2 protein chains.
Amino acid sequence: MNTCNCEGCELRSLFFENVSNSEIESICTRKTQFHYKKGEVIIQEGDEIQEFIYLKSGLVKLYRNGSNDKQQIICFALPLDFVSLLSIFSEKYYKYSVAALEDSVTCNINLDEVKSIASQNGKFAMSIMEKINKATDNILVDFLEVKQKRLFGRIAYILLYFSRKVYNSSSFELPVSRKEMAEYIGMTVENVIRTLSDLRKDGIIKINGPIIEIADEERLERISELS
Amino acid sequence: MNTCNCEGCELRSLFFENVSNSEIESICTRKTQFHYKKGEVIIQEGDEIQEFIYLKSGLVKLYRNGSNDKQQIICFALPLDFVSLLSIFSEKYYKYSVAALEDSVTCNINLDEVKSIASQNGKFAMSIMEKINKATDNILVDFLEVKQKRLFGRIAYILLYFSRKVYNSSSFELPVSRKEMAEYIGMTVENVIRTLSDLRKDGIIKINGPIIEIADEERLERISELS
DNA sequence: TGCCGATTATGATATATATCATAGCCTGAT
DNA sequence: ATCAGGCTATGATATATATCATAATCGGCA
């Protein structure tokens with residue numbers, strides 16, 4: 001389980017910049033690491049919040065069960081993101097679930113330990129706060145952006161999101177099903193599929209099985225902006 | 001300007017629970033208090049973030065300018081809410097605006113001072129973090145709730161929100177225009193107006209000028225839930 | 001006082017989106 | 001190997017929502 005090398009761990013500079021070496025050592029020896037296969041559930045809505053979970057590699061989705069039995073995807077998280085941060089300091093139980101969209105590895109740190117260090121180390125607490133703020137900020141901005149768009153704009157937006165922010169390439173394997181795209185943008189599966197087809201027919205994207213290639217990024221960008 | 005009595009101020013217990021008396025005194029003597037008339041802008045998108053702003057009384061809206069020149073209302077804030085918290089620890093400039101929906105009073109505290117106390121006082125930093133988390137959590141939940149509903153459900157939801165969370169009464173003066181309701185739920189003004197008319201025709205609400213009375217809360221609740 | 005622009009209101013119509021139906025395909029389970 | 005179920009896909013249709021047009025009302029302001 002405990003296979004990573006803490007010496008070169010990016011968490012050290014990313015997260016523990018203001019923490020003393022001895023405290024880091026203590027955390028390091030007690031951290032746990034987990035591997036999840038694509039599709040596996042990492043956090044279940046209702047679970048007690050006991051750990052601070054950091055995504056070392058892979059891709060996950062945060063989602064919740066809407067009132068009408070449909071799932072709603074809240075956001076996606078990339079490596080270097082803190083997965084369990086939404087209500088981690090204000091709630092006792094998770095109000096959302098997390099599942100792996102690709103094979104993923106998490107590094108888990110006991111939450112009480114983090115809290116205890118933070119209580120005694122204001123600079124550390126401030127740096128956590130900053131990161132949590134940035135993360136929720138990004139979620140909110142994406143929400144607002146998606147909200148003001150219509151179907152085509154939303155699809156364009158999410159495609160550009162995966163292309164630019166996740167894979168940094170104009171060609172990539174879509175990590176989500178059409179259904180999950182629908183759950184994120186708040187539209188029906190059929191319309192997601194139809195819209196992708198339309199974009200393909202217009203030569204804006206190419207679809208080869210699970211592979212999406214953005215053929216005309218400029219037009220896709222315009223569609224995203226003009227709704 | 002500096003008219004409030006810090007002795008009995010709710011901020012003291014709400015916000016400064018872990019701060020020493022001398023630090024509180026120092027903050028108290030330097031805080032500033034501002035009065036805003038209904039409609040006045042409190043924070044302008046792009047302003048530098050210099051103060052920690054706390055709403056003593058009144059009601060405000062947080063909003064931003066969407067890409068298509070339309071405004072989007074992000075959320076409403078009530079007394080005891082911290083108005084300037086969204087990106088306050090992660091950004092240099094406000095990414096949203098704040099305006100008074102009712103005559104409002106704010107208590108402003110120099111942000112550097114708050115930061116400096118937090119850096120030296122982990123417990124205080126943690127308590128801020130908890131409050132920010134709760135606030136953004138609530139915003140997110142409302143977003144998700146509204147997102148999964150259709151027009152009628154969204155209108156019902158916002159009416160119940162004002163009735164229960166803001167005014168604690170089944171009869172209240174709507175603090176927002178139809179246009180602002182539309183900007184919050186992400187629909188057009190005409191449809192907001194039409195929907196309110198329909199609810200009135202069905203006897204579920206009564207409209208007397210700016211006064212809304214929820215006549216059949218149970219049905220309104222059902223509309224909100226069943227979308 | 002009277003005018004102007006914004007807000008509320010309503011109707012007619014166009015458009016966007018959801019729903020329902022059907023089918024091929026793939027994958028996992030038996 | 002076969003079946004069941006989920007995912008992708010597409011079309012027809014119903015419904016929800018936006019857009020456009022018009023008008024009444026209200027409040028600020030010259």
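Here are two short exercises with worked solutions on this predicted model.

Residues count from 1 along each chain as its sequence is written, and chains are lettered from A in the order in which they are written. Local features need pLDDT of at least 70 and side-chain atom pairs count only at pLDDT 80 or more, while totals for chains, interfaces and linings use all residues; side-chain values use heavy atoms, with hydrogens and water left out.

**Exercise 1.** Find which residues come nearest to DNA strand D, and what their side chains meet there.

*Solution.* Start with the residues near the strand (a heavy atom within 4 Å of it). There are 16 around DNA strand D, and R150(A), R194(A), S197(A), N191(B) and R194(B) come nearest. On the DNA side, sugar and phosphate make up 64% of the strand D atoms within 4 Å of the protein.

Next, look for polar contacts (here, a pair of N or O atoms within 3.5 Å). R150(A) places a polar side-chain atom 2.9 Å from a phosphate oxygen of strand D. For S197(A), a side-chain N or O atom is 2.4 Å from a phosphate oxygen. R194(A) instead has a polar side-chain atom 2.8 Å from a base nitrogen.

**Exercise 2.** Work out how helices α5 and α8 of chain A cross.

*Solution.* First take the axes, lines fitted to C-alpha atoms over the stretch in contact, with angles from 0 to 180 degrees between N-to-C directions. Those of α5(A) (residues 151-166) and α8(A) (residues 217-225) come within 7 Å and cross at roughly 130 degrees. The two helices are therefore oblique to each other.

Technical notes
Polar contact = N/O pair within 3.5 Å; in protein donor to acceptor, adjacent residues only side chain to side chain. Helix = DSSP H or I, 4+ residues; strand = E, 2+ residues; numbered from the N terminus. Parallel < 35°, antiparallel > 145°, perpendicular 65-115°, else oblique.
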